[in-house]
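Hi,

Here is the structure I said I would pass on. Have a look at it first, and my notes follow underneath.

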Amino acid sequence: MMAAIASVVSIGRPTVPARIARAVWVLAALAVLGWLLVLPLLAIFAEAFHQGYAFYLDAIKQPDTIAAVRLTLTVAAIAVPLNLVFGLAAAWSMTHFEFRGKALLGALIDLPFSVSPVVAGMMLILVYGKDAWLGSWLEAHGVQVIFALPGLVLATVLVTLPFVARELIPLMQAQGSEQEEAALTLGASGWQIFFRVTLPRVRWALLYGVLLCNARAMGEFGAVYVVSGHLRGITNTLPLQVDQLYQENFSAAFAAASLLALLTVVTLGIKRVVEWRHGDALNIHH
């Protein structure tokens with residue numbers, strides 16, 4: 001086995017054993033991906049259409065499912081731009097300035113990667129819940145966060161916080177700040193430097209991060225589950241609607257799940273196209 005691996009990574013024209021070993025590893029990787037990803041995805045669509053096309057259309061036309069789709073898209077439409085602005089600001093600060101707490105900021109950006117989404121939802125309840133000081137103050141002023149749209153947006157923003165920033169920071173670090181400094185010496189203002197120098201250089205990495213953020217935002221379950229209250233037709237996003245339907249109507253649950261899978265696949269497909277066509281411009285360092 002070790003000899004086969006060594007032959008694969010050896011420099012020069014690959015030998016016959018190297019070709020065989022490479023083919024084996026590629027087929028093994030494809031088999032694992034097919035078994036874990038492709039087959040379950042196909043099974044979702046197969047089960048969704050198991051009772052016929054008419055049943056599928058009737059299932060996805062249910063008012064609660066349509067409301068869940070609308071709410072999912074609304075939450076994503078609010079959370080993703082917020083993370084876009086935060087990601088740009090964080091990446092600019094981390095790569096262009098030296099300040100106290102820089103390492104802490106980097107750790108806080110990565111925190112959602114290490115904290116369970118359920119814990120993230122509980123954190124929001126402790127801050128914005130009815131019995132919390134801030135939550136009770138907001139409720140006294142007519143603003144409800146938990147079990148309402150603001151709580152869903154906050155939960156989604158929290159769990160998707162790192163995606164845009166972590167795509168931009170390595171790229172900005174690799175590019176350096178020489179062009180911005182040159183524009184500054186020529187008399188450009190800060191906004192002119194940002195929009196005419198910095199933003200064009202990172203636009204594809206920014207789009208890449210936004211697509212990743214959007215895919216996660218639409219599919220988020222744990223944090224949203226905690227803060228939603230499971231109010232069908234009101235605070236149920238599409239993942240929560242699938243969960244409730246699964247306990248009541250098996251085929252209808254898979255019909256709703258197929259919509260969620262389709263939205264995610266389209267988003268990731270766009271991401272893949274951007275990565276394929278602009279891979280050199282992305283220049284992502286992991």
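A word on terms before the notes: contact here means heavy atoms within 4.5 Å. On that basis, if you take the contacts in the chain between residues at least 6 apart in sequence, 72% of them join residues at least 24 apart. Please keep in mind that this is a predicted model.

Now the overall picture. The chain has 15 helices and zero strands. Its C-alpha atoms fill a box of roughly 60 × 60 × 30 Å along the principal axes. There are 286 residues in the chain, and 38% of them are buried. The chain exposes about 16,400 Å², with carbon and sulfur atoms supplying 69% of that.

On to the inside. In soluble globular proteins, nonpolar side chains tend to be buried together. The largest nonpolar core here has 24 residues, and Val164, Leu168, Ile169 and Leu206 are the ones that touch the most other members. Three helices each supply at least two residues of this core: H4 (63–96), H9 (162–175) and H11 (190–219). H11 gives the largest share, ten residues. If you want one residue to centre your view on, try leucine 206: setting aside neighbours within four places in sequence, leucine 206 is in contact with Leu84, Leu88, Val164, Leu168 and Leu199. There is also a second, separate core of 18 residues, with Leu124, Leu152, Ala155 and Val157 among them.

H11 also carries two arginines I looked at. Arginine 201 lies in this helix and counts as buried, at 18% relative accessibility. Leaving out residues up to four places away in sequence, arginine 201 touches Leu171, Gln175, Gly176, Gln179 and Glu180. Arginine 203, in H11 too, is partly exposed, with a relative accessible area of 45%. The side chain of arginine 203 reaches the backbone oxygen of proline 200 at 2.4 Å. Arginine 203 and leucine 168 are 35 residues apart along the chain, and their C-alpha atoms are separated by 9.3 Å.

Next, the charged pairs. Side chains of opposite charge can pair when their charged atoms come close. The count of salt bridges comes to five, and these three are among them:

- Aspartate 110 pairs with arginine 166, with the closest N and O atoms 2.7 Å apart. Aspartate 110 sits in helix H5 (residues 102–114) and arginine 166 in helix H9, so the pair ties together parts that are 56 residues apart in sequence. Both partners are partly exposed, aspartate 110 at 29% and arginine 166 at 26%.
- Glutamate 248 and arginine 232 meet at 2.9 Å, N to O. Glutamate 248 is in the loop between helix H13 (238–246) and H14, while arginine 232 is in the loop between helix H12 (222–228) and H13, so this pair ties together parts that are 16 residues apart in sequence. Glutamate 248 counts as exposed at 54% relative accessibility, and arginine 232 as partly exposed at 31%.
- Glutamate 98 forms a salt bridge with lysine 102, the closest N and O atoms being 3.1 Å apart. Glutamate 98 is exposed, at 71% relative accessibility, whereas lysine 102 is buried, at 18%.

What does the side chain of serine 251 make a polar contact with? The partner is the side chain of glutamine 51, at 2.9 Å. Serine 251 lies in helix H14 (residues 250–277) and is buried, because its relative accessibility of 5% falls under 20%. Apart from residues up to four places away in sequence, serine 251 touches Glu47, Ala48, Gln51 and Phe55.

Last, the outside. A nonpolar patch on the surface is formed by Val26, Leu27, Leu30, Val32, Leu33, Trp35, Leu36, Leu37, Val38, Leu39 and Leu42, and together they have about 1,100 Å² of accessible area. Leucine 27, one of these patch residues, is in helix H2 (residues 16–48). Is leucine 27 buried or exposed? Leucine 27 is exposed, because its relative accessible area of 57% is over 50%.

That's the tour. Over to you!

Key
Residues are numbered from 1 along each chain as its sequence is written. This is a predicted model: local features need pLDDT of at least 70, side-chain atom pairs count only at pLDDT 80 or more; totals for chains, interfaces and linings use all residues. Side-chain values use heavy atoms; hydrogens and water are left out. Patches are made of residues with over 30% relative accessible area and no salt bridge: like charges are joined within 9 Å, nonpolar side chains (Val, Leu, Ile, Met, Phe, Trp, Tyr) within 5 Å. Accessible areas come from the Shrake-Rupley method with a 1.4 Å probe; for residues, only the protein chains shown count as cover. A salt bridge is a side-chain nitrogen of Lys or Arg within 4 Å of a carboxyl oxygen of Asp or Glu. Helices (H or I, at least four residues) and strands (E, at least two) are DSSP runs, numbered from the N terminus. Buried means under 20% relative accessible area, exposed over 50%, partly exposed in between (1.4 Å probe, protein chains only). A nonpolar core is a set of buried Ala, Val, Leu, Ile, Met, Phe, Trp, Tyr and Cys residues joined through side-chain atoms within 4.5 Å. A polar contact is a pair of N or O atoms within 3.5 Å; within protein, one must be able to donate a hydrogen and the other to accept it, and residues adjacent in sequence count only if both atoms are side-chain atoms.
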